[in-house]
Amino acid sequence: MTPPLRTERLEFLPYRPEDEDHFVALLRDAEVCRWMGQDLVPQAQIRELFRAVLTEVYPKHLFDVWGLWLDGTYVGHAEVKRTGNVDGHELVTALIPEHWGRGLGGEVVRGLLRYAADELGLKEAYGMVGAENVASLTMCRRLGFRELRDVVADDGSVTKLLVVSTTDPAAQPPTTGAVPPATTGPAPSPTA
């Protein structure tokens with residue numbers, strides 16, 4: 001089962017049935033979809049995806065997926081899962097636009113990297129970032145990710161395939177204690 005995690009400001013909690021509307025709203029946001037490199041799909045399809053997380057992904061331990069909460073407010077989504085682009089695991093994150101530019105993206109990625117190293121025993125992790133997503137690419141470089149190659153879609157759009165060592169000092173929480181390592185264990189339930 002996907003365990004709850006905690007970083008300095010964020011709680012990573014497995015989704016519950018009552019979180020469905022938050023998940024749907026995130027993945028129906030045109031800006032979020034644009035930067036994630038995915039099409040805006042009908043609400044019914046996103047609801048099916050959410051239900052599959054609850055009925056397939058969690059029970060079969062297919063991969064780890066969390067809702068992200070800041071002070072009891074849903075702010076985004078995170079995953080660690082095998083990727084078809086390389087032989088390894090990909091980190092997937094998405095934040096609600098109102099929470100962009102606050103350093104939460106870096107905090108999410110550092111938390112996922114700590115989990116990938118400590119709980120999954122991974123030595124490296126991958127990311128896929130759209131070539132036009134300058135803010136995310138800058139954050140990834142700051143965290144020690146390096147580019148492996150460009151992946152060109154049928155429509156000509158380019159996504160950067162990135163890799164980072166889970167032990168890279170740049171990807172670790174600051175030693176000042178500003179962002180403690182992600183910890184597993186019980187976490188309080190958010191109030192929606």
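A residue counts as buried when its relative accessible area is under 20%. By that yardstick E107, with a relative accessible area of 0%, is buried. The structure looked at here is a predicted model, and E107 makes a handy way in. E107 belongs to helix α4, and its side chain reaches the backbone nitrogen of L10, at 3.4 Å.

Helix α4 itself deserves a look. It runs over residues 104-118 and, with 15 residues, spans 21 Å from its first C-alpha to its last, close to the 21 Å expected at 1.5 Å a residue. Of those 15 residues, 14 are buried, so α4 is largely enclosed by the rest of the structure.

Stepping back, the protein is built from five helices and nine strands. Read from the N terminus, the elements come in the order β-β-α-α-α-β-β-β-α-β-α-β-β-β. Out of 192 residues, 46% count as buried. The accessible surface adds up to about 9800 Å², and carbon and sulfur atoms hold 52% of it. Taking contacts between residues at least 6 apart in sequence, 60% of them join residues at least 24 apart.

Next come the aromatic rings. Seven aromatic pairs turn up in the model. One of them brings together W66 and Y115 in an edge-to-face arrangement, with 5.3 Å from centre to centre and 90° between the planes. This pair ties together distant parts of the chain: W66 sits in strand β3 (residues 64-70), Y115 sits in helix α4, and 49 residues separate them. Both W66 and Y115 are buried. A pair of rings is also made by W69 and Y74, whose centres are 5.4 Å apart and whose planes meet at 75°, so this pair is edge-to-face. W69 and Y74 are both buried, and they belong to one aromatic cluster along with Y15, F23 and F50. Elsewhere, a lysine meets a ring: K81 lies over the face of F63, at 5.2 Å from the ring centre.

Two members of that cluster, F50 and W69, also feature in the surroundings of D19. This aspartate is found in the loop between β2 (10-13) and α1 (20-27). Is D19 buried or exposed? With a relative accessibility of 1%, D19 counts as buried. Leaving out residues up to four places away in sequence, D19 touches P14, F50 and W69.

E147 offers another acidic residue to follow, this time in strand β7 (residues 146-152). Its relative accessibility is 36%, so E147 counts as partly exposed, whereas E107 is buried at 0%. Which residues does E147 contact, once its neighbours within four places in sequence are left aside? They are R141, K160, L161 and L162. With R141 the link is also a polar one, since the two side chains make a polar contact at 2.5 Å. As for V129, that residue is 18 residues from E147 in sequence, and the two C-alpha atoms are 10.0 Å apart in space.

To pull the threads together, helix α4 holds both E107 and Y115, the partner of W66 in strand β3. The loop residue D19 touches W69, which shares an aromatic cluster with Y15, F23, F50 and Y74. E147, in strand β7, makes its side-chain polar contact with R141.

Definitions and conventions:
Residues numbered from 1 in each chain as written. Predicted model: local features only at pLDDT ≥ 70, side-chain atom pairs only at ≥ 80, totals over all residues. Heavy atoms only, no water. Helix = DSSP H or I, 4+ residues; strand = E, 2+ residues; numbered from the N terminus. Buried < 20%, exposed > 50% of the residue type's maximum accessible area, 1.4 Å probe, protein only. Contact = heavy atoms within 4.5 Å. Polar contact = N/O pair within 3.5 Å; in protein donor to acceptor, adjacent residues only side chain to side chain. Areas by Shrake-Rupley, 256 points an atom, 1.4 Å probe, with all protein chains shown as cover. Phe/Tyr/Trp six-rings, centres within 6.5 Å; stacked < 30°, edge-to-face > 60°. Lys NZ or Arg CZ within 6 Å of the ring centre and 35° of its normal. Expected span 1.5 Å × (residues − 1).
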